Amino acid sequence: MSHYEAPIRKPLVTGDKNYHDVTVDVAAPVEGRANKSWWIVFSIALVAFLWGVGCIIYTISTGIGTWGLNKTVGWAWDITNFVWWVGIGHAGTLISAVLLLFRQKWRMAINRSAEAMTIFSVMQAGLFPLIHMGRPWLAYWVVPIPNQFGSLWVNFNSPLLWDVFAISTYLSVSLVFWWTGLLPDFAMLRDRAIKPFQKHIYSVLSFGWSGRAKDWQRFEEVSLVLAGLATPLVLSVHTIVSFDFATSVIPGWHTTIFPPYFVAGAIFSGFAMVNTLLIIMRKVSNLENYITIQHIELMNIVIMITGSIVGVAYITELVIAWYSGVEYEQYAFLNRATGPYAWAYWAMMTCNVFSPQFMWFKKLRTSIMFSFFISIVVNIGMWFERFVIIVTSLHRDYMPSAWTMFSPTFVDIGIFIGTIGFFFVLFLLYARSFPVIAQAEVKTILKASGEKYKKLRAEKGDDVKHYDPVVREPNSNTSEGVHKKVQDTEDYDETDTTDDHNETVNVDGLVVSEVTRDRLDKMLERIGTFNPENQIQDDLQKLETVGPFLEQRLHQVGIYTYVQVSSLTQDDFELLDEVIENFPDADKRGDWVNQASKLKNK
């Protein structure tokens with residue numbers, strides 16, 4: 001009964017949706033025209049992106065001197081933004097991988113956007129080291145490969161090199177994880193596409209996905225393997241980023257709490273950005289029934305918990321500095337709270353420690369507008385955290401003679417705004433090209449967590465027959481049963497005839513594509529449907545190669561009589577071969593049409 005969900009739990013899919021509705025709603029933003037809200041947000045993001053491109057071109061053509069860096073504060077605006085973007089990318093892998101391993105159903109409507117956010121945010125993070133190199137065209141020098149000047153080997157003792165390895169690995173695994181999850185949705189768009197060009201593009205992107213049992217088996221196996229690989233990356237990537245600071249001797253950096261502290265902060269800021277994006281996307285793409293208040297509330301709970309962990313880390317830093325008895329360490333933290341950058345320190349404390357505590361109140365954490373406001377506040381606060389750690393620790397070091405202040409130039413600010421614009425341009429284009437919700441995964445929880453089915457369960461009681469998530473036979477453990485993968489792996493009510501496809505309602509266990517379901521309906525309209533009230537089913541096992549299992553599958557499709565079999569065409573046999581695993585080929589089954597014609601006349 002692992003797939004049973006009590007009717008008292010709030011539905012994760014609202015609006016009385018059935019399987020066809022999910023397909024249409026998820027495909028609508030891709031197939032339809034962009035609405036006014038999308039164009040407004042996209043235009044703003046594009047202007048910001050173009051501004052950033054101009055600043056980057058100016059920087060590369062003129063030199064890094066256009067930035068506000070100086071000899072004392074060598075790491076400033078660029079590394080602050082780098083760490084901030086890497087942190088934002090953490091929530092995508094956490095939602096996709098960790099929550100997948102823990103079988104959390106609420107992740108299924110939001111994991112796709114979180115995964116895309118990871119890809120796009122890591123891309124923004126990678127821009128800053130490239131620009132800071134001064135010669136981006138020599139970026140391959142960070143890789144230990146021989147070059148034309150002799151062997152140029154990088155310093156393997158440097159945490160900066162391990163940043164390259166960790167982040168590139170993180171990006172690669174996240175990209176494969178994201179693309180793998182998209183395969184069923186690409187196939188859905190391929191089957192629904194009308195224009196040949198679109199059909200060809202989505203056919204290539206779907207990697208030949210057919211929706212058969214073998215596809216689903218490999219899909220689940222690969223997803224679990226990638227989740228297992230990605231989960232340690234959630235901890236390792238930002239741990240390695242923290243080593244950039246913790247392995248130094250700079251007061252305020254040299255501390256062993258940085259790895260867990262950075263990881264908690266990354267998850268904190270990442271979930272806040274996911275919340276920001278989801279609240280925007282549910283409005284722009286009309287997905288309020290799939291990204292519900294409950295999803296926003298659960299995200300807010302994670303933000304509240306990780307915000308509290310970050311607050312404990314701040315206090316721990318202060319205690320360690322006091323307990324160490326090292327005056328340089330003590331002054332570093334005193335300077336943060338009372339020095340010339342105190343405004344940044346208290347902005348950080350207000351945004352990261354105090355503001356998430358409002359989420360203890362259910363009325364506030366279930367408010368869309370308040371959640372959107374807090375998510376932006378948290379992202380601002382996490383940026384200030386990186387700024388405080390980097391700038392306030394450097395601008396007043398051991399030697400007072402080297403003390404100085406840092407002020408960003410318009411180029412610094414322009415590049416940062418440009419990366420934000422680039423991020424939203426990529427995300428909005430993605431939302432118009434790819435499904436932002438994993439429709440296949442949402443359908444797996446529809447029977448248990450859909451509003452319509454919860455109503456049916458409440459009306460009919462909890463004595464609904466439980467069906468095995470693989471073959472729709474009660475608690476089937478047969479050897480044949482494990483071969484089928486269904487899309488709605490939840491409880492099935494035989495009396496439920498509310499689906500749009502009444503003629504093939506039992507074929508849910510065989511069909512993934514809505515287009516395939518429509519083709520089956522048209523086939524049954526042509527060969528005739530079986531009515532048990534005034535018709536008697538024939539013994540289909542008299543047909544060549546038809547045994548009990550194949551006969552059961554034909555019944556699932558809606559074929560019960562010799563009359564129906566005798567009306568099948570070559571296209572029909574090809575369709576049956578698509579939906580029924582191990583369907584016998586023409587040589588093995590012989591001429592079923594003639595066999596059925598003879599049998600029906602006896």
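Mentor: Helices (H or I, at least four residues) and strands (E, at least two) are DSSP runs, numbered from the N terminus. This is a predicted model, in which local features need pLDDT of at least 70 and side-chain atom pairs count only at pLDDT 80 or more, while totals for chains, interfaces and linings use all residues. Residues are numbered from 1 along each chain as its sequence is written, and side-chain values use heavy atoms, with hydrogens and water left out.

Trainee: How many helices and strands are there in the chain, and what percentage of its residues count as buried?

Mentor: The chain holds 24 helices and 2 strands. Burial is judged by relative accessible area with a 1.4 Å probe and protein chains only: under 20% is buried, over 50% is exposed, and anything in between is partly exposed. Of the 602 residues in the chain, the share that counts as buried is 55%.

Trainee: How many of the 27 residues of H9 are buried?

Mentor: Helix H9 covers residues 258–284, and with an expected span of 1.5 Å times one less than its number of residues, the helix should reach 39 Å, which agrees with the 38 Å between its end C-alpha atoms. H9 is followed by Asn286, whose phi is positive, near 55 degrees. The helix itself is largely enclosed by the rest of the structure, because the number of its residues that are buried is 24.

Trainee: How many residues apart in sequence are the parts that Arg112 and Asp185 tie together?

Mentor: A salt bridge here is a side-chain nitrogen of Lys or Arg within 4 Å of a carboxyl oxygen of Asp or Glu, and by this rule the count comes to 5. In one of them, the side chains of Arg112 and Asp185 meet with 2.8 Å from N to O. Arg112 lies in helix H5 (residues 111–132) and Asp185 in helix H6 (residues 159–192), so the parts joined are apart in sequence by 73 residues.

Trainee: Is Asp572 buried or exposed?

Mentor: Asp572 forms a salt bridge with Arg526, the closest N and O atoms being 2.1 Å apart. This pair links distant parts of the chain, 46 residues apart, with Arg526 in helix H19 (residues 514–527) and Asp572 in helix H22 (residues 570–579). Arg526 is partly exposed at 45% relative accessibility, whereas Asp572, at 5%, counts as buried.

Trainee: Which residues do salt bridges that share partners join into one network?

Mentor: The side chains of Glu297 and Arg365 meet in a salt bridge of 3.0 Å, N to O. Glu297 sits in helix H10 (residues 293–324) and Arg365 in helix H13 (residues 362–365), so the pair ties together parts that are 68 residues apart in sequence. Both Glu297 and Arg365 are buried. The network made by shared partners joins Glu297, Lys362 and Arg365.

Trainee: How many disulfides does the structure hold?

Mentor: A disulfide is counted when a pair of cysteine sulfur atoms lies within 2.5 Å. Cys55 is buried, with a relative accessible area of 5%, and Cys351 is buried too, at 12%. The number of disulfides in the structure is 0.

Trainee: Where is Met399 found?

Mentor: Met399 counts as exposed at 54% relative accessibility. Together with Val249, Val326, Tyr328 and Tyr398, Met399 forms a nonpolar patch on the surface. The place of Met399 in the chain is the loop between helix H14 (368–395) and helix H15 (410–433).

Conventions. Patches are made of residues with over 30% relative accessible area and no salt bridge: like charges are joined within 9 Å, nonpolar side chains (Val, Leu, Ile, Met, Phe, Trp, Tyr) within 5 Å. Accessible areas come from the Shrake-Rupley method with a 1.4 Å probe; for residues, only the protein chains shown count as cover.
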